[in-house]
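Q: Could we go through this model together, one region after another? I would like to begin with a single residue and then move outwards.

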Amino acid sequence: MVKVLKTKIEIEGRVHEEVVVIDGELPAPWDSKAELTIVGQPVPRVDGAERVTGQARYTSDIQLPGLLHARILRSPHPHARIKYVDISAAEALPGVRAVICRDSTAPIKWHRSSFVFDSTLRYVGDEIAAVAADSLEIASDALRLIKVEYEVLPHITDEQHANDEASPPVWVDEPRNVIGGEPEVYKRGDVDKAFKDADFVVQATFRTPTALHNCLETHGSVAQWEGDNLTIWDSTQHIFGVRQRVAERLGLALNKVRVIKHYMGGGFGSKNGAGKYTVIAALLARKAGRPVKLMLNRMEENLVTGNRDSTVQHIAGAVKKDGTLLALKLVCYANSGAYGGGGMPIAGPVQEMYRCANVYTESWSLYTNLGRDSAFRAPGFVEGNFALESLMDMMAEKVKLDPLEFRKKNYAERAPKDNLPYSSKGLRQAYERGADIIGWHSRAWADRPAVDPKNPDIRRGYGMASQVWGGGGGPPAHAIIKVNADGTADVITGTQDIGTGTKTVLSQVAAEAMGFRFEDVRVHVGDTSLGVYAPLSAGSMTVPSMSPAVQMAALDVHKQLLAIAAEVLEVKSARLELKGSVISQGKGKKSITVKELIGGLSDYMVVGQGLRGPNDNSYAINTFGCQFAEVEVDTATGQVRVLRLVAIHESGRVINPMTITSQLYGGVTQGMGYGLMEHRVVDHRSGIVLNPNLTDYKIPTALDVPLEIVGEMIDLPDTIATTTGAKGIGEPPIVPTAPAIANAIYDACGVRVFQAPISPDVLLDALQRRDQPMVVEQPAAAELAPVSQKEE
Amino acid sequence: MPSNLPAGHSRRTITMTVNDEQHTVYVEPRRTLLDALREDLGLTGAKKVCDLGQCGACTVIKGNRAIYSCLTLAVECAGQSIQTIEGLAQADPAPGSQLRLHAIQQAFIECDAYQCGYCTPGQIMAIKALLEHNPNPTLDEVKMGVSGNLCRCGAYPNIFRAALRAAELLRTAG
Ligand code: FES
Ligand code: FES
């Protein structure tokens, strides 16, 4: 019987409603007593050999007969109008096969009122024209032959002034550069009263940087037309999303567009949909009559493919003497760039992390003449958690509590935002485990002596921070399984493996639920023509969305095989069991392998189907974790070395301890980069990004990472969240790293740094000013805490 | 005015040894070794990440040294011997049998020393060059050996483990 339901799902910190059609029987959940033999094992990746031999074909590696290479001409100005573009000289260059610009293509709508090739250029990097040629070198030559005349317009790149009356609007219909015209406001309780009643009020202003994903594989597409049919290889986290957008923009039916992505060199949220480059590759390929590859270069990758918004956050907390958190208030401004969507959930941690009855948040997203914001591994929460978790330590100090005790005292037993029970929450266990490993309770406290009496500049300190995030996934998500005549199975779904180990984990789930040997299962992903619908691989939702769908398809196969075996063996199917690819009636009785059974049925193919059921909206579904850092600070140079970083997270059941640990390492490493080194630098006068490359924009190298990273999961099957008990882990481990390090730096040298990244110059500057009273900047727009007289 | 020159005007014929086989390519002098390998020889294992000598994803071995192939022109490699990731594993001629992976490759799989895998060919070639010079490296030497190879997925701890494990495998294999 088919049922049509509505269910809420969370994607990247935002809640949406989805329609879900249920057809068939949803799996009984694998609870903590379920006897699982493949799920839970540290199985090495099923596609390891491809990855280590260079055989894995990434989008950038696709080669086709007649393939052309494309490049895009981009705006050198942060804000300008195009007077004219002349492409004739470029078209005349031998080896050039197609040139397109605003005048040579029908206008294709893009963001707001703009077009793929627009007459107004809104940041350095905006698209002007594109060339496809026999080689990349010739395409680059051709770009230099395109003549453009600009009318340069005034620009604004600094988010602190974007909202000023005098600042030029990035979009004419948004004169104050505020996305949506106003801030997003959230309230609960009576914040003003709580601030009056508090024993202490602590407030501060935090600044966080624009961080660039810098996926090692740049964004890009390969487009090939065969008649009206378009095939696109795209380095994307969402093949179905790319198909949808390209079909829509080019006026094609969905079944005329096929999108393929087998391997991808990193996405981290920046590859959640089609880019202009995708559409441009398709347009060039159509014009040239040949396939076109358009991979962005590193500079473009840094300028145009999205970023984590920089923020200014004014935050205040009200607390009672005994450590009870009474109120939190946050007013934040985010730099969304010219084409950003804004609305990153920066206030998420303030709203959701701790038990706190009175909360007010006000989030401004501002347009500027810069590259757009986009999701970046736990968007909003990484920014917001830096401020909140720093403030938590400041408040703990005020009430003279250990930072961990203070957090435990304000532990949320129910989800504070919706007042719902949690489907599961293993944060308390994570706190205990992390504290044990790092030696939190036995550590020496403040004013500890220098590590080395001969070098009094070197100081050590400990810090910690917590994390909350969604990651429960949801429908729609589908999978099918085909059983071949030799007893092997193909699991097919339109999800993608973005490097997280999706194929491996789904192979484990399928083998477990079917009762097959692991090696008899192969998972196919990344092709819209062959796979069934799956959501984007973002929001930590791949495993919690896909694993139940695969589990259901596998159980369908399991049931069908038993029914067939019952017929063939002439017994009741209830007496049969299928394990390790063998169907038996119990010990010592007659058994038959799946291969023998299916092999005896000519070419009959068992096909199983599965889908992801609805979420239980009477629960809050979240993931939790905490991280502890031990750092060494050289107070003479401002250098910080992270000696140990202990990351303990709870994200439901662990399907593969090996790949999940790699995720923890990855999150911690990026979180450390965010906290200590990553920072896009903009010259506001010229509107130019000064470090769009991998030398000047610093990402952690082998020599920068913590000397020791301990990553562990609290393995807690969450059967309310999903029938496999698993939740997502992609994003959580990046969330607490930077504030844990910042808190450790404070512990080490007594200096609170109010901005990330805490690079040596920033820390030296803060050390320089340590003896001066802290100056807290008040936001102009909002009086944060009207009770500042309570500050000592 | 180079822009007025016809395409391929100044192309040269270059012969080099790649993975123990002689190859001849016909390329412009400005073509990098990386592009020659990827575009002209179809060896796409080495990756183009920055094309500026900043990341190590294009690492191959020239002679007996790990180099950034994006910083080397193809014309500079005439008569030289180049090893790429594609030359590391040995295909077993028996039908149905599997690729025989190099110890470093095995160790990468065993240690899950990657996520997206895009930096992996470069990391492996850097480690290969390291182990050829220093079969028994310390952890710090391993870190130095791959310090020119960025991994945005942050697989570093496992890359270090894999390098040490590979060294052990190679030593015990004699
Ligand atoms: S591509 Fe050669 S070093 Fe980055
Ligand atoms: S594995 Fe993705 S960059 Fe290293």
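**A threonine in a loop**

A: This is a predicted model. A:Thr701 has its place in the loop between strand S31 (688–689) and strand S32 (708–714) of chain A.

Q: Is A:Thr701 buried or exposed?

A: A:Thr701 is buried, because its relative accessible area is 18% and the cut-off for buried is under 20%.

Q: Which residues does A:Thr701 touch, leaving aside those up to four places away in sequence?

A: A:Thr701 touches B:Ser147, B:Leu150 and B:Tyr156.

Q: And how far is A:Thr701 from A:Gly673?

A: The two are 28 residues apart in sequence, and 9.4 Å separate them in space, C-alpha to C-alpha.

Q: Since chain B has come up, how many residues are in contact between chain B and chain A?

A: On the chain B side there are 49 residues, in contact with 61 residues of chain A. The two chains bury about 4,400 Å² between them, and carbon and sulfur atoms give 57% of that area.

Q: Which three residues supply more of the area that chain B buries against chain A than any other three?

A: They are B:Gln115, B:Tyr118 and B:Arg152, which supply 20% of the area that chain B buries against chain A.

Q: What does the domain assignment give for chain B?

A: Chain B is assigned domain 1 (12–87) and domain 2 (90–173). Their centres, taken over C-alpha atoms, are separated by 20 Å.

Q: How many residues are in contact between domain 1 and domain 2 of chain B?

A: In chain B, 17 residues of domain 1 are in contact with 13 residues of domain 2. About 1,300 Å² is buried between these two domains of chain B, with 59% of it on carbon and sulfur atoms.

Q: Now chain A: how is it divided?

A: Chain A has domain 1 (2–30 + 473–611), domain 2 (66–153 + 219–295) and domain 3 (311–472 + 618–789).

Q: How far apart are the C-alpha centres of domain 1 and domain 2 of chain A, and what area do these domains bury?

A: The C-alpha centres of domain 1 and domain 2 of chain A lie 39 Å apart. Between them these domains of chain A bury about 1,400 Å², 51% of it on carbon and sulfur atoms. The contact involves 21 residues of domain 1 of chain A and 15 residues of domain 2 of chain A.

Q: Let us turn to the sheet of seven strands in chain A. What is the strand order?

A: The order is S5-S7-S3-S14-S11-S12-S13 in chain A; the sheet is open, and its pairing is mixed. Strand S5 (96–101) and strand S13 (257–260) of chain A each have a single partner strand, so they stand at the edges and one side of each is left without a neighbour in the sheet. From one strand to the next, the twist averages 20 degrees.

Q: Which helices pack on the sheet?

A: Helix H3 (residues 136–145) of chain A packs on the sheet and touches S3, S5 and S7 of chain A, with its direction at about 30 degrees to that of S3(A). Helix H5 (residues 239–250) of chain A also packs on the sheet, where it touches S11, S12 and S13 of chain A, and its direction makes about 145 degrees with that of S13(A).

Q: How many residues of H3(A) are buried?

A: Eight of the ten residues of H3(A) are buried. Among them are A:Ile138, A:Ala142, A:Leu143 and A:Leu145, and also A:Glu137 and A:Asp141.

Q: Back to strand S3 of chain A: in which sense does it pair with S14 and with S7 of chain A?

A: With strand S14 (residues 292–295) of chain A, S3(A) pairs in the parallel sense over two bridges, and A:Leu68 has A:Val292 as its bridge partner. With strand S7 (residues 127–133) of chain A, S3(A) pairs in the antiparallel sense over six bridges; there the partner of A:Arg71 is A:Val131. S3(A) itself, residues 68–74, is mostly covered, with six of its seven residues buried.

Q: A last topic: how many disulfides are found over all chains?

A: The search of the whole structure finds zero disulfides. As for two cysteines of chain B, B:Cys70 is buried at a relative accessible area of 5%, and B:Cys153 counts as buried at 6% relative accessibility.

Notes:
Residues are numbered from 1 along each chain as its sequence is written. Chains are lettered from A and ligands numbered from 1 in the order in which they are written. This is a predicted model: local features need pLDDT of at least 70, side-chain atom pairs count only at pLDDT 80 or more; totals for chains, interfaces and linings use all residues. Side-chain values use heavy atoms; hydrogens and water are left out. Buried means under 20% relative accessible area, exposed over 50%, partly exposed in between (1.4 Å probe, protein chains only). Helices (H or I, at least four residues) and strands (E, at least two) are DSSP runs, numbered from the N terminus. Two strands pair if DSSP finds at least two bridges between them. Axes are lines fitted to C-alpha atoms, for helices over the stretch in contact, and angles run from 0 to 180 degrees between N-to-C directions. Contact means heavy atoms within 4.5 Å. A disulfide is a pair of cysteine sulfur atoms within 2.5 Å. Domain bounds come from an automatic or database domain assignment. Buried area is the accessible area (1.4 Å probe) that two parts lose on being put together, summed over both.
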